[in-house]
Amino acid sequence: VKVEVDQDGCVAAGQCVMSAPSVFDQRDEDGVVVLLKDEVDRGDENSVRFAIELCPARVIRLVK
Amino acid sequence: MSSNDELPFHPMPRDERCPYDPPPELLRRQATEPLVPARIWDGNDVLLVTGYADQRALLTNPGVSADATHPAFPHFGPGFKARRLRAPSLLTMDNPDHDINRRYLASHFTMKSVHASRPRIQEIVDELIDGMLEARGPVDLVGQLAFPLPVRVTCELLGISYDRYDFIQKHTQVTGSATVTAEEVNASLDAMLDFLMEAIEARIGSEGEDVLCHLTRLHEAGTYSLKEAADYALQLLIAGAETTANMAALGVMVLLEHPDQLEALRSGDDPSLWGNAVEELLRYLNVNQLGIRRVSTEEIVLGHHSIPANCGLILTHDVGNRDPRVFEEADRFDIYRQQRGQIAFGFGIHQCLGQGLARLELTVLFESLFRRIPTLRMVVPREDINFKDDMAIYGVRELPVTWEGQQS
């Protein structure tokens with residue numbers, strides 16, 4: 001599974017980094033989400049689902 | 001629908017015997033009424049949105065606006081109305097303006113920045129607890145710990161000297177009140193704005209890293225006028241203090257009233273349990289007691305109901321966070337709860353920018369307080385504590401505490 005983010009809609013709330021710090025990070029200058037990796041392995045899948053659920057701007061999604 | 005004379009008034013009263021719970025009438029109505037017509041302080045009629053799922057859906061719906069200048073926008077009270085109409089704020093800005101302006105400030109609130117501030121927050125908490133331990137007789141936890149911590153953290157973040165504590169404390173009490181007049185609020189806002197504009201002017205040409213230096217550079221670059229730059233600083237100052245402070249004081253009370261869970265936190269070897277407890281306190285207490293205010297700009301269909309265009313909306317997230325369709329045994333305080341997604345910080349693009357910092361301050365405060373003063377207890381019964389029903393942010397005015405072996 002791959003994870004995708006829409007940086008344009010990100011509001012830098014940091015929920016994704018809290019939920020899945022091995023997958024998501026934030027740009028230092030404006031807090032916008034960056035992916036540390038786009039392939040999600042089994043170990044990360046649950047925490048990425050939490051991130052999707054908690055993201056207030058709804059800009060994260062999984063693609064098969 | 002009942003005739004207009006019978007509309008319930010919002011906010012509804014709490015039950016004095018259950019001061020941590022939302023108004024019982026609102027909880028009762030939530031079970032059968034997703035939308036409750038209600039009247040607010042200025043005589044305007046609004047719809048209360050009671051369910052968690054509907055609240056989250058509306059907060060990400062493009063037909064819902066936070067624009068406080070819209071004639072149907074439901075203000076908190078006369079003072080808040082005056083404040084919201086003075087200047088645009090991140091809280092009341094729709095996109096695209098909101099995201100642009102939020103990103104100017106976001107670098108100070110990334111998870112990385114928050115983690116980096118942990119040692120300093122620990123130092124401040126330790127100093128404040130040292131002060132409590134040296135005091136004789138009962139100590140007011142609100143005045144000695146709950147308020148000084150977030151005010152000091154916010155001052156350091158902005159770059160304001162902490163000796164302005166009394167000044168900030170005095171004026172933020174005025175701006176946070178739902179009952180003060182527009183004149184009173186304007187006077188307090190003017191005083192704080194003057195102070196912040198002076199602070200920004202004094203920083204012109206400086207290369208510091210604090211928020212005021214950052215805002216000064218945005219002013220120098222022509223992005224913000226001096227007043228706009230000061231306005232953003234003021235928004236952060238107001239947002240960071242009152243909210244965290246009241247969560248801290250109420251949180252201590254709730255933890256003391258659940259001694260088994262407190263003991264598990266104190267003696268446990270799982271540090272992540274404190275994080276869980278803070279999350280549960282945020283859900284359980286939801287200190288923003290006046291709800292999230294919005295206005296519809298088009299007709300919106302919600303399940304079997306519809307909201308007309310240009311309708312004032314109050315998303316009562318205090319009951320949203322107690323919605324039994326989402327949170328099992330929602331009225332029980334349970335630090336082991338696995339269900340995430342509480343919306344005390346809001347949802348959608350306006351979700352609290354400082355939430356990571358707030359969580360960290362609360363975690364360090366609770367963990368340190370109960371580790372260093374394990375026998376902490378309240379001096380008076382809960383019935384004698386004065387709760388803040390008149391403020392936008394719920395809390396207690398004073399919380400006298402003592403402990404075994406305290407100097408008298």
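Buried, in what follows, means under 20% relative accessible area. By that cut-off Asn321(B), with a relative accessible area of 0%, is buried. This is a predicted model, and that applies to everything I say this morning.

I will stay with Asn321(B) for a moment. It sits in the loop between α15 (317–320) and α16 of chain B. What does the side chain of Asn321(B) reach? One partner is the backbone nitrogen of Ile343(B), at 2.9 Å. Another is the side chain of Asn286(B), with which the Asn321(B) side chain makes a polar contact at 2.7 Å. If we set aside neighbours within four places in sequence, the residues in contact with Asn321(B) are Leu282(B), Arg283(B), Asn286(B), Phe327(B), Gln342(B), Ile343(B) and Ala344(B). So Asn286(B) and Ile343(B) appear in that list of contacts, and the cut-off of under 20% is why a residue at 0% is called buried.

Next, a buried residue that carries a charge. Arg83(B) is placed in helix α3 of chain B, residues 78–86. Arg83(B) is buried, yet it has no salt bridge. Where is the nearest side chain of opposite charge? That is Asp231(B), 7.8 Å away. A salt bridge needs the nitrogen and the carboxyl oxygen within 4 Å, so that pair does not qualify. Beyond four places in sequence, Arg83(B) is in contact with Thr175(B), Val185(B), Leu189(B) and Ile238(B).

Now helix α11 of chain B, residues 211–220. Seven of its 10 residues are buried, so this helix is largely enclosed by the rest of the structure. Which residues of α11(B) are buried? They are Val211(B), Leu212(B), Cys213(B), His214(B), Leu215(B), Thr216(B) and Leu218(B). The cover over them includes four helices of chain B, namely α4, α8 (148–158), α10 (182–202) and α12 (226–256). At the start of α11(B), a side-chain oxygen of Asp210(B) comes to within 3.2 Å of the backbone nitrogen of Leu212(B). Just after α11(B), Gly222(B) has a positive phi of about 85°.

On to salt bridges. Over all chains, the structure holds 35 of them. I have picked out three that lie within a chain, and for each I give the exposure of both partners.

In chain B, Asp323(B) pairs with Arg325(B), with the closest N and O atoms 2.9 Å apart. Asp323(B) is buried at 2% relative accessibility, whereas Arg325(B) is exposed at 58%.

Also in chain B, Asp334(B) forms a salt bridge with Arg332(B), where the closest N and O atoms are 3.5 Å apart. Asp334(B) has a relative accessible area of 14% and is buried, while Arg332(B), at 40%, is partly exposed.

In chain A, the side chains of Arg27(A) and Glu29(A) meet in a salt bridge at 3.7 Å, N to O. Arg27(A) is partly exposed, with a relative accessible area of 25%. Glu29(A) is exposed, at 52%.

That leaves the interface. How many residues does each chain bring to the contact? Chain B gives 20 residues and chain A gives 25. Between them the two chains bury about 1,900 Å², 51% of it on carbon and sulfur atoms. On the chain B side, the residues that lose the most area to chain A are Arg103(B), Met111(B) and Arg340(B), which together account for 33% of what that side buries.

The rule finds three salt bridges across this interface. Glu53(A) forms a salt bridge with Arg56(B), the closest N and O atoms being 3.3 Å apart. There is also a network of salt bridges that links Asp25(A), Asp28(A) and Lys112(B). As for polar contacts, the count between chain B and chain A is 10 residue pairs, both residues at pLDDT 80 or more.

Which helices of chain B each supply at least two residues to the side that touches chain A? They are α4 (97–106), α5 (111–116) and α16 (355–372). The largest share of that side, five residues, comes from α4(B). By type, the residues on the chain B side divide into five nonpolar, eight polar and seven charged.

One link back to the earlier part: α4 of chain B is also among the helices that cover the buried residues of α11(B). That is all I have.

Technical notes. Residues are numbered from 1 along each chain as its sequence is written. Chains are lettered from A and ligands numbered from 1 in the order in which they are written. This is a predicted model: local features need pLDDT of at least 70, side-chain atom pairs count only at pLDDT 80 or more; totals for chains, interfaces and linings use all residues. Side-chain values use heavy atoms; hydrogens and water are left out. Contact means heavy atoms within 4.5 Å. Buried area is the accessible area (1.4 Å probe) that two parts lose on being put together, summed over both. A polar contact is a pair of N or O atoms within 3.5 Å; within protein, one must be able to donate a hydrogen and the other to accept it, and residues adjacent in sequence count only if both atoms are side-chain atoms. Ala, Val, Leu, Ile, Met, Phe, Trp, Tyr, Cys and Pro count as nonpolar, Asp, Glu, Lys and Arg as charged, and the others, Gly among them, as polar. Buried means under 20% relative accessible area, exposed over 50%, partly exposed in between (1.4 Å probe, protein chains only). Lys and Arg count as positive and Asp and Glu as negative; His and the chain ends are not counted.
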